[in-house]
Amino acid sequence: MPPQFAIAGHGSEPSGGRRGAEPGVPGAEEQRPPLPGRPRRPPSSPMPARRRRGAPGARSCLLWLFVLLKNAEPFQVAVREDNCIIVSLEASDVVSSSSVYVVKIAGESKNYFFQFDEFNSTLPAPVVFNAKYHGLYYIVTLLVVNSNMVSKSARSITVLTKPLPVSNVSIYDYKPSPETGVLFEIQYPEKYNVFTRVNISYWEGKDYRTMLYKDFFKGKTVFNHWLPGICYSNITFQLVSEATFNKSTLVEYSGVQHEPKQHRTVPYPPRNISVQIVPINRNDWEEHSGNFAEESFMGPPELIRQEQVSHPSESPAEIPAANTSAAWLDERSNSSEDESTSQPAWWSSEAESSEGEEEFVRVLSSDYAASDANTSGRPTAEPPPFLPVQMVLTWLPPKPPTAFDGFHINIEREENSTEFLTVSEDTHKFVAELKEPGKYKLSVTTFSSSGSCEVRGSQSAKTLSFYISPTGEWIEELTEKPQHVTVTVLSSTTALTSWTASHESSGNSTIVSVLSLTCQKQKESQRLEKHYCTEVNSSSSLIENLVPGAQYQVVVYLRKGPLVGPPSDPVTFSIVPTGIKDLTLYPLGPTAVVLSWNRPFLGVFRKYVVEMFYFNPSTMTSEWTTYYEIAATVSLTASVRIANLLPAWYYNFRVTMVTWGDPELSCCDSSTISFIT
């Protein structure tokens with residue numbers, strides 16, 4: 001865009017001005033009307049003689065202007081960078097030397113009028129108008145006022161001022177879809193700044209893109225049309241103002257004052273990730289070491305044997321703890337030298353017990369924990385050496401169109417050591433030798449690094465878990481959760497849990513997790529049950545030690561070895577309270593009594609509700625009405641005084657226990673006593 005925007009008016013040709021008398025004709029000067037606002041000079045002045053002598057020259061100058069009328073440009077209107085509108089009068093606009101030329105500027109809340117300075121042979125100085133609004137269109141009209149004070153619109157020109165530029169830009173990931181969407185947030189001067197759309201320009205890799213966008217609300221918009229993994233650089237924003245006048249469209253772009261931005265979208269993750277574990281016989285190591293493709297990462301047989309040898313002279317304190325070659329993962333690349341990786345602290349302690357590491361999901365079963373050696377440090381018989389197994393990890397590239405430069409492989413063992421490897425974009429298979437038993441977690445992610453943007457990795461589409469037992473058994477990850485979980489209450493203290501599972505998972509063990517929902521609602525000083533206040537896990541489907549009146553939540557997990565599958569949908573059940581006992585009435589006269597009762601030692605409830613039944617003479621009805629509510633306490637005995645009774649009247653009283661559950665449960669309607677005052 002040029003630094004300033006100028007539009008020339010091309011209105012209708014002005015009507016010819018009044019021609020003066022020919023030279024030598026008497027009375028020529030008197031026939032010329034004076035300009036408005038200019039008083040006629042008295043005839044006694046010596047000027048008429050001089051003016052008569054100069055009249056032919058003035059008429060010649062005016063005729064010269066009329067001769068150039070066809071070749072001259074009409075009045076000019078330009079907008080400067082400081083938002084000033086410059087209006088210049090041209091020779092073609094002069095229709096009469098006796099007329100006054102006025103400029104009308106419309107567009108804001110009121111119209112503005114400016115008069116050109118008086119002139120003879122030289123055109124007047126331009127009119128300068130300081131426009132208040134940026135990005136607003138103004139209509140500039142030239143008015144010609146003749147000697148009779150009659151104004152005539154000669155022509156009009158529409159100009160558009162530039163909007164103020166964007167001052168700051170922020171770009172964020174669009175959380176629902178970071179692979180293709182971004183959130184733009186722009187800041188710009190809002191006062192006296194008008195625009196209709198926003199022009200977004202950027203480089204998409206090596207291709208330049210630009211587009212107009214109008215869906216900005218409070219400076220924010222979601223743009224969900226980018227490609228995953230692409231580096232978008234030199235991102236700029238321009239405010240665009242548009243106006244249509246007389247079937248012509250004017251467009252003005254703001255400048256660029258903010259710092260150009262760059263952003264890389266998140267690539268899609270790889271697809272169809274799977275893992276296989278292949279046993280390796282000790283006698284066949286040397287045969288297998290040369291039979292893998294270049295993606296294989298098996299270590300040299302000599303190094304493998306050397307790492308498995310236990311030196312009697314070494315004490316446990318002398319065993320290196322970190323920053324040496326990892327013993328649980330051997331890999332080989334195309335280079336001639338072996339790549340060394342950081343060694344976990346447990347590289348030589350495969351027989352150490354994992355007791356105490358976890359209580360629920362991560363704890364090893366007794367069958368697997370028994371195979372570990374003792375932790376007392378006393379010399380014991382060395383267990384059979386673990387035979388390494390081969391791990392084959394495969395995947396497919398991410399769904400197109402995704403720009404990516406490779407894959408990251410994350411291998412985690414026993415949640416305390418991690419191997420992080422990077423392979424090229426053409427690699428879709430990774431082979432490694434696992435030399436230690438334990439629980440492993442694998443994940444493969446895509447990364448994109450080309451361009452000037454920061455390197456970004458994909459989200460983990462799937463995390464694979466499996467367990468390698470000390471005997472080399474491979475236990476796959478459990479992905480199934482128990483279905484149709486139900487709880488049947490057998491008594492006030494026991495319940496039975498049941499569920500369904502697929503045929504493949506029928507041989508797996510289960511974990512039943514029980515948590516009391518009532519315990520969390522009571523104050524600690526008023527808790528009447530404490531066994532299930534924290535989550536309790538059991539391998540039995542029979543739930544015992546329940547408390548009457550409490551509400552519980554049950555979740556079931558499938559378990560195979562040390563691996564635990566996803567949780568089932570939680571199931572909530574409640575135990576009906578047992579109710580009160582030993583309800584006793586003590587009369588205090590014809591209008592008052594005292595009720596007293598006991599509660600069972602084992603029970604949870606929220607409150608007592610005292611009700612009475614009698615014939616109400618004011619309503620002529622008989623019904624149960626609540627008289628009093630008493631909050632639950634740890635006391636086993638409670639009492640209440642009932643007054644304002646009618647003398648010689650028949651009453652029934654009852655006391656029920658109401659639980660904390662949702663919905664509330666109560667017991668029991670049979671706890672009643674009758675009395676005649």
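In this predicted model, Lys 399 is positioned over the face of Tyr 268, at 4.4 Å from the ring centre. A second arrangement of this kind involves Arg 654, which lies over the face of Trp 624 at 4.2 Å from the ring centre.

The surroundings of Arg 654 were examined further. The residue belongs to strand E41, which covers residues 650-658. With a relative accessible area of 13%, Arg 654 falls under the 20% limit and is therefore classed as buried. Its side chain forms a polar contact of 2.8 Å with the side chain of Glu 611. When residues up to four places away in sequence are disregarded, Arg 654 touches Val 609, Val 610, Glu 611, Trp 624, Asp 669, Ser 671 and Thr 672.

Trp 624, the ring beneath Arg 654, also takes part in an aromatic pair. The centres of the Phe 613 and Trp 624 rings are 5.4 Å apart and the planes meet at 45°, so the pair is classed as tilted. Phe 613 is located in strand E38 (residues 607-616) and Trp 624 in strand E39 (residues 621-631), eleven residues apart. Both rings are partly exposed, Phe 613 with a relative accessible area of 24% and Trp 624 with 31%.

The count of aromatic pairs comes to 27. Among them is the edge-to-face pair of Tyr 133 and Tyr 192, with 5.2 Å from centre to centre and 90° between the planes. This pair links distant parts of the chain, 59 residues apart: Tyr 133 is in the loop between strand E6 (127-130) and strand E7 (137-145), and Tyr 192 is in the loop between strand E10 (182-187) and strand E11 (197-204). Tyr 133 is partly exposed at 27% relative accessibility, and Tyr 192 is likewise partly exposed at 32%. Ring pairs further join Phe 184, Tyr 202, Tyr 213, Phe 216, Phe 223, Trp 226, Tyr 232 and Phe 237 into a cluster.

Nine salt bridges were found in the whole structure. One of them connects the side chains of Glu 242 and Arg 197, with an N to O distance of 2.7 Å. Glu 242 lies in strand E14 (residues 231-245) and Arg 197 in strand E11, a separation of 45 residues. Glu 242 is partly exposed, with a relative accessible area of 27%, and the value for Arg 197 is 27%. The side chains of Asp 569 and Lys 481 meet in another salt bridge, at 3.2 Å from N to O. Asp 569 is in the loop between strand E34 (563-564) and strand E35 (571-574), while Lys 481 is in the loop between strand E27 (474-476) and E28, so the pair ties together parts that are 88 residues apart in sequence. Asp 569 is partly exposed at 47% relative accessible area, as is Lys 481 at 28%. In addition, salt bridges with shared partners join Glu 204, Asp 207 and Arg 209 into one network. A salt bridge of 2.9 Å (N to O) also connects the side chains of Arg 80 and Asp 82; these residues are partly exposed, at 34% for Arg 80 and 43% for Asp 82.

Strand E28 belongs to an open sheet of three strands in the order E28-E29-E32, with antiparallel pairing. Strands E28 (483-489) and E32 (542-543) stand at the edges with a single partner strand each, so one side of each lacks a neighbour in the sheet. E28 is joined by five bridges to the antiparallel strand E29 (residues 495-500), where Thr 500 is the bridge partner of Gln 483.

Terms used:
Residues numbered from 1 in each chain as written. Predicted model: local features only at pLDDT ≥ 70, side-chain atom pairs only at ≥ 80, totals over all residues. Heavy atoms only, no water. Helix = DSSP H or I, 4+ residues; strand = E, 2+ residues; numbered from the N terminus. Buried < 20%, exposed > 50% of the residue type's maximum accessible area, 1.4 Å probe, protein only. Polar contact = N/O pair within 3.5 Å; in protein donor to acceptor, adjacent residues only side chain to side chain. Contact = heavy atoms within 4.5 Å. Pairing = 2+ DSSP bridges. Phe/Tyr/Trp six-rings, centres within 6.5 Å; stacked < 30°, edge-to-face > 60°. Lys NZ or Arg CZ within 6 Å of the ring centre and 35° of its normal. Salt bridge = Lys/Arg side-chain N within 4 Å of Asp/Glu carboxyl O.
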